[in-house]
Each structure stands twice: as structure tokens, then as C-alpha cells.
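Here's a quick walk through one protein model, meant to be read with the viewer open. Have a look at the sequence and the fold first, then come back for the details.

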Amino acid sequence: MAAKHVRYGYRRLTVLLRREGWKVNAKRIYRLYTEEQLIVRTKLRRKIAPRQRGSMVTATAPNQCWSMDFMSDKLADGRSFRILTVVDQFTRECVCLEADRAMTGMMVAQALERAKAERGKLPASITVDNGTEFCSRALEAWVTSHDVQLCFIRPGRPVENGFIESFNGRLRDECLNVEWFVSLADARQKLTKFREHYNHERPHSALADRTPAAFAELHRAVIEKASTSMGRALQSLFIESLECAKPA
């Protein structure tokens with residue numbers, strides 16, 4: 001009977017046995033149940049937002065696909081803080097770099113609203129891992145109302161979000177490991193400075209050593225002047241840079 005009803009506990013099996021005429025009590029069934037190691041283990045499941053996993057779309061224009069993740073670091077007094085990182089997969093620009101003692105799904109949504117105000121639009125999709133903030137109901141409600149799709153990578157596969165992992169590595173190596181943060185305000189100021197440097201001064205190997213901002217400007221010029229001879233020359237240069245592009 002236990003083999004037939006594999007998810008039944010000993011109490012329910014006791015009821016079924018009594019229905020068949022067996023004169024048994026729950027204690028005896030429980031003893032036999034445990035001896036045969038039939039105990040059903042129930043895993044408590046958290047209520048999380050629906051997750052959609054599918055093939056990752058390759059970005060072909062700015063503000064089409066973003067990548068988002070979290071990093072952690074500590075202040076000089078030992079207190080921890082978290083950093084929300086967001087990059088544009090096409091231009092490699094750092095879209096958002098915000099720090100706080102803790103980050104909730106609602107705070108992530110508010111940060112994305114600020115990014116929208118700065119860039120003028122939101123992407124069609126944002127690639128994220130399976131962190132609790134990204135699975136929250138608050139963020140789910142926000143992306144639904146703004147027609148943005150959250151693309152969750154498979155658990156334990158950070159390589160599927162390689163753009164943000166590459167950026168996080170640069171942020172850790174060039175900023176977090178060399179800076180001393182005396183306060184949260186100090187950390188925010190230095191992160192803002194790093195973001196400005198990363199977007200407008202730091203050469204990016206995947207963009208033919210252009211800066212992300214310069215690459216974005218080049219793409220805009222190609223789109224605006226594609227019908228002119230100068231535009232065709234720019235387009236040829238742009239395509240050449242794309243051929244050597246890679247997450248780095």
C-alpha cells in the first residue's frame with residue numbers, strides 16, 4: 001500500500017488499512033513505517049515570483065538587453081554593504097551602480113527607475129540570477145507593469161550572465177580591492193567615480209579598446225548616417241569592432 005501511495009503518511013495509511021478491515025492503531029503503523037524508512041520528507045517552498053527561463057537573446061542595440069547582479073563589500077568599521085550592478089550587454093556601459101546596507105526587490109525597482117530616467121528607456125529584458133531580491137513579488141510587479149522580461153539563468157551557471165560577471169570582476173579588482181570605504185556615503189561617492197571612469201575613460205578590449213560611451217556614440221552615429229558615405233564608412237568600422245567583441 002505504501003508503494004502504491006508513495007506520498008501518504010502513516011496516519012493516512014492507517015485509515016486505509018482500517019477501511020480494509022485491519023485492526024491496527026496509528027502507533028503500530030508508525031513503528032512499522034519508520035522501520036521500513038518510509039517517512040515522507042516535506043520540503044518547505046518559499047513563495048517566489050514566476051521565473052521564465054529560455055534561450056538568451058543576443059543584444060543588437062543599446063538598451064535592448066541589460067544584465068543585473070549583486071556584489072558585497074565591507075566598510076572600514078566592518079559593516080557589510082551590498083552593491084547593485086547593471087550593465088548594457090551591447091555597449092558594455094555600466095547602467096547602474098548603487099550601494100546600500102541592504103537591498104530589497106522594491107529598492108531594485110527604484111534603482112531601475114532612476115536608470116530609466118537617465119537613459120530615457122528601459123530594456124526589453126534583464127538577465128539575472130536566482131537571488132531572492134530578483135525573485136521578489138515587488139520586482140515582479142514592477143517589471144510586469146513596465147513590460148520588461150526577467151531572464152533567469154540556471155542555478156550554478158554564472159557563465160550564462162557573463163557580461164555582468166566580467167564587469168563585477170573589473171569592479172572588484174580595480175575599485176573594491178584598492179579603495180578604503182570609511183562610510184556608506186564614501187562608498188557611494190567612489191562607486192560613482194568608478195562608474196564615470198569605466199564608461200568614459202577606461203578602454204574596453206571587447207570594443208576595440210574604445211570606451212563603452214564612445215562605442216554607444218559610434219553606434220548612434222552609424223544609425224543616423226547610414227545613408228551617407230560617411231555613414232557607410234562608420235558602419236564598416238562598427239561591424240569590424242563587433243566581429244572581435246566578446247564579454248570582457
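What follows is a tour of the sheet, the aromatic pairs and a few residues worth a click.

## The sheet

Keep in mind that this is a predicted model. Its open sheet has five strands, in the order β3-β2-β1-β4-β5, and the pairing is mixed. On the outside you'll find β3 (94–100) and β5 (149–152), the edge strands, each of which pairs on one side only. Going from one strand to the next, the twist averages 25°.

As background, sheet strands pair through backbone hydrogen bonds, either parallel or antiparallel. So which way do β1 and β4 run relative to each other? They are parallel, with three bridges joining β1 (residues 65–74) to β4 (residues 125–128). If you want a spot to zoom in on, W66 stands opposite I126 in β4.

## Two hairpins

On the β2 side, the pairing with β1 is antiparallel and covers nine bridges. Here D73 stands opposite F81 in β2. The two strands make a hairpin with five residues between them, and G78 in the turn has a positive phi of about 95°.

Then comes β2 with β3, again in the antiparallel sense, over six bridges. T85 has L97 in β3 as its bridge partner. This hairpin, too, has five residues between its strands, and strand β2 (residues 80–88) itself is mostly covered, with seven of its nine residues buried.

## Positive phi away from glycine

How does the backbone of R92 look in the β2–β3 hairpin? Its phi is near 65°, a positive value in a residue other than glycine. R92 belongs to the loop between β2 and β3, and with a relative accessibility of 9% it counts as buried, since the cut-off for that is under 20%.

D209 is another one to check: phi is near 65° there, and again the residue is not a glycine. You'll find D209 in the loop between α6 and α7 (212–224). Is D209 buried or exposed? At 56% relative accessibility, D209 counts as exposed, the cut-off for that being over 50%.

## Aromatic pairs

How many aromatic pairs turn up in a search of the whole structure? There are six. One of them is F70 with F134: the ring centres are 5.2 Å apart and the planes sit at 20°, so this pair is stacked. It ties together distant parts of the chain, with F70 in strand β1 and F134 in the loop between β4 and α4 (137–145), 64 residues apart. Both partners are tucked away: F70 is buried with a relative accessible area of 12%, and F134 counts as buried at 1% relative accessibility.

F167 and F194 form an aromatic pair as well, this one tilted, at 6.3 Å centre to centre with 55° between the planes. Again distant parts of the chain are linked: F167 is in helix α5 (residues 162–176) and F194 is in helix α6 (residues 184–200), 27 residues apart. Both F167 and F194 are buried, and together with Y198 they form one aromatic cluster.

## A charge over a ring

Back at F70, there's a bit more to see. Which charged end sits over the F70 ring? It belongs to R82, and it lies 4.3 Å from the ring centre. So F70 is worth turning around in the viewer: its ring is stacked with that of F134, and the charged end of R82 sits over it.

## Around L17

Last stop: L17, which is in helix α1 (residues 10–19). L17 counts as buried, at 17% relative accessibility; that falls on the buried side because the cut-off is under 20%.

What does L17 touch, once its neighbours within four places in sequence are left aside? The contacts are M1, W22, V24 and I29. M1 is 16 residues from L17 along the chain, and their C-alpha atoms are separated by 8.7 Å.

Technical notes: Residues are numbered from 1 along each chain as its sequence is written. This is a predicted model: local features need pLDDT of at least 70, side-chain atom pairs count only at pLDDT 80 or more; totals for chains, interfaces and linings use all residues. Side-chain values use heavy atoms; hydrogens and water are left out. Two strands pair if DSSP finds at least two bridges between them. Helices (H or I, at least four residues) and strands (E, at least two) are DSSP runs, numbered from the N terminus. Axes are lines fitted to C-alpha atoms, for helices over the stretch in contact, and angles run from 0 to 180 degrees between N-to-C directions. Buried means under 20% relative accessible area, exposed over 50%, partly exposed in between (1.4 Å probe, protein chains only). Rings of Phe, Tyr and Trp (its six-membered ring) pair if their centres lie within 6.5 Å; planes under 30 degrees apart count as stacked, over 60 as edge-to-face and the rest as tilted. A charge sits over a ring if NZ of Lys or CZ of Arg is within 6 Å of the ring centre and within 35 degrees of the ring normal. Contact means heavy atoms within 4.5 Å.
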